[in-house]
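Okay, thanks for making room for me. Let me pull the thing up on the screen and we'll go through it together.

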Amino acid sequence: MALGVYPELVEGFTQPARRRKHRINAFKLKDSVTLVRSFCQREPVYLRLMQYFSTFVVGFEDIVRDVLKDFEIETMFSGAVLYRIDTDAERIGTDVFNNTFQVLHYFKRIQPGALPGMMKFVYNSNWMEKNFLPTIKGANTFRVVASCENEIGAVDDNILKNAEVAIAEETGLTLDRGKPDMEYWFLERSEGVGFFMMRLTYKKSEKRLEPGELRPELSNLLVLLSEPENGDVFLDPFAGGGSIPRARKEFPYKKIYVSDIEKDIEIKAMNVDVQKADATKLTHIADASIDKIVTDPPWGLAAETEIEPLYRGMLKEFGRVLKNGGVAVVLTSRKLMMEKLLPQFPQFKLEKNYNVLVNGKKAGVFKLVKSAS
Ligand SMILES: C[S@@+](CC[C@H](N)C(=O)[O-])C[C@H]1O[C@@H](n2cnc3c(N)ncnc32)[C@H](O)[C@@H]1O
């Protein structure tokens with residue numbers, strides 16, 4: 001889950017003997033592959049920071065920048081980030097990205113339509129001789145994905161086959177275009193850059209989401225925005241399917257309150273209080289007892305006449321239950337309503353306000369801090 005553990009997935013230099021020549025070549029590496037095994041040591045030695053490319057929900061660029069503030073961001077794209085992580089880094093938290101790749105080659109300036117050329121460069125030039133091609137631990141099969149601006153398979157089949165043959169020879173893996181154990185990606189982006197990468201987050205089957213349930217990566221991002229701390233008493237009063245508290249329980253906490261007006265939520269963890277409750281009347285929660293709220297009020301209510309009392313009641317109740325200095329992170333499709341009502345709740349300082357896109361819908365994320373007044 002955590003970014004810092006990705007290198008452990010990578011087979012590094014524990015490769016079959018026939019690949020031993022690459023141990024020497026690995027020392028010549030300039031950029032991407034950083035895990036090397038020195039001649040005299042059996043354990044891997046990390047010489048440089050690994051370069052990663054991760055994708056996330058478009059519009060969350062500022063949030064991702066804040067979340068990765070302690071790491072070296074090279075380029076922020078729309079819905080993607082190129083960055084380096086110290087492989088010794090502590091976990092930065094649970095996975096906030098839809099997909100993460102280890103960058104094997106970065107094509108820094110390409111023209112539109114460069115995808116076939118990028119692939120030829122990797123299998124035709126002496127790239128394979130000079131560079132180490134890592135695999136995922138335990139993988140036996142692979143496929144090659146060629147992608148141009150989210151269009152998969154936009155390349156001539158002969159070129160694809162040549163790339164597959166070269167990678168199979170180099171890694172000892174077997175081609176499986178159906179359900180392989182791992183994937184190598186050639187990606188062309190409209191910003192005029194391209195990548196040859198190994199996907200670190202490939203799963204053969206993805207969990208199905210309930211209607212209205214947030215993607216776990218999105219819940220993780222929202223939770224990280226609240227700056228989770230060990231002693232936190234946490235609340236999600238519009239919990240729905242429970243995606244946000246499920247993300248929060250992956251960090252240390254003191255207690256988690258989860259409620260929804262109609263949904264029965266199941267969260268398997270210690271010190272989690274689950275209730276059916278109206279978010280505007282949280283009678284089971286004491287005044288000034290909550291450190292962090294992260295929540296996602298309903299998107300579907302049509303009439304402003306319903307929304308305004310709900311949002312007013314929510315902000316009043318948040319003001320009551322939050323401790324001074326407590327934080328509320330609210331993902332909302334009703335940005336204008338929040339902006340209209342917030343001045344009426346001067347105990348909240350608006351620390352940050354992000355414009356985001358969730359499933360193609362415009363939304364806002366408000367980070368509020370309760371002050372002493
Ligand atoms: C957008 S959904 C939350 C989805 C949730 N974040 C998830 O990932 O599954 C909003 C939830 O608010 C609940 N809700 C609506 N009005 C409420 C109220 N007054 N108090 C508490 N919950 C309410 C709905 O039942 C719905 O489950």
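So, in which sense do β17 and β18 pair, and over how many bridges? Antiparallel, over 10 bridges, with β18 covering residues 361-370; strands count as paired if DSSP finds at least two bridges between them. One example is N355, whose bridge partner in β18 is G364.

Quick housekeeping. This is a predicted model, where local features need pLDDT of at least 70, side-chain atom pairs count only at pLDDT 80 or more, and totals for chains, interfaces and linings use all residues. Residues are numbered from 1 along each chain as its sequence is written.

Zooming out, the protein chain has 10 helices and 18 strands, taken as DSSP runs (H or I, at least four residues; E, at least two) and numbered from the N terminus. An open sheet of 7 strands runs β14-β13-β12-β15-β16-β18-β17, with mixed pairing. β14 (272-276) and β17 (348-358) sit at the edges with a single partner strand each, so one side of each has no neighbour in the sheet.

Now the core. The largest nonpolar one has 80 residues, and M119, M197, L221 and L222 have the most contacts inside it. By core I mean buried Ala, Val, Leu, Ile, Met, Phe, Trp, Tyr and Cys joined through C-beta atoms within 7 Å, buried being 20 or more other C-beta atoms within 10 Å of a residue's own, placed from the backbone. Domain 1 (3-199) and domain 2 (216-370) both contribute residues, so this core lies between them; those bounds come from an automatic or database domain assignment.

Key
A residue is buried if 20 or more other C-beta atoms lie within 10 Å of its own, exposed if 12 or fewer, and partly exposed in between; C-beta atoms are placed from the backbone.
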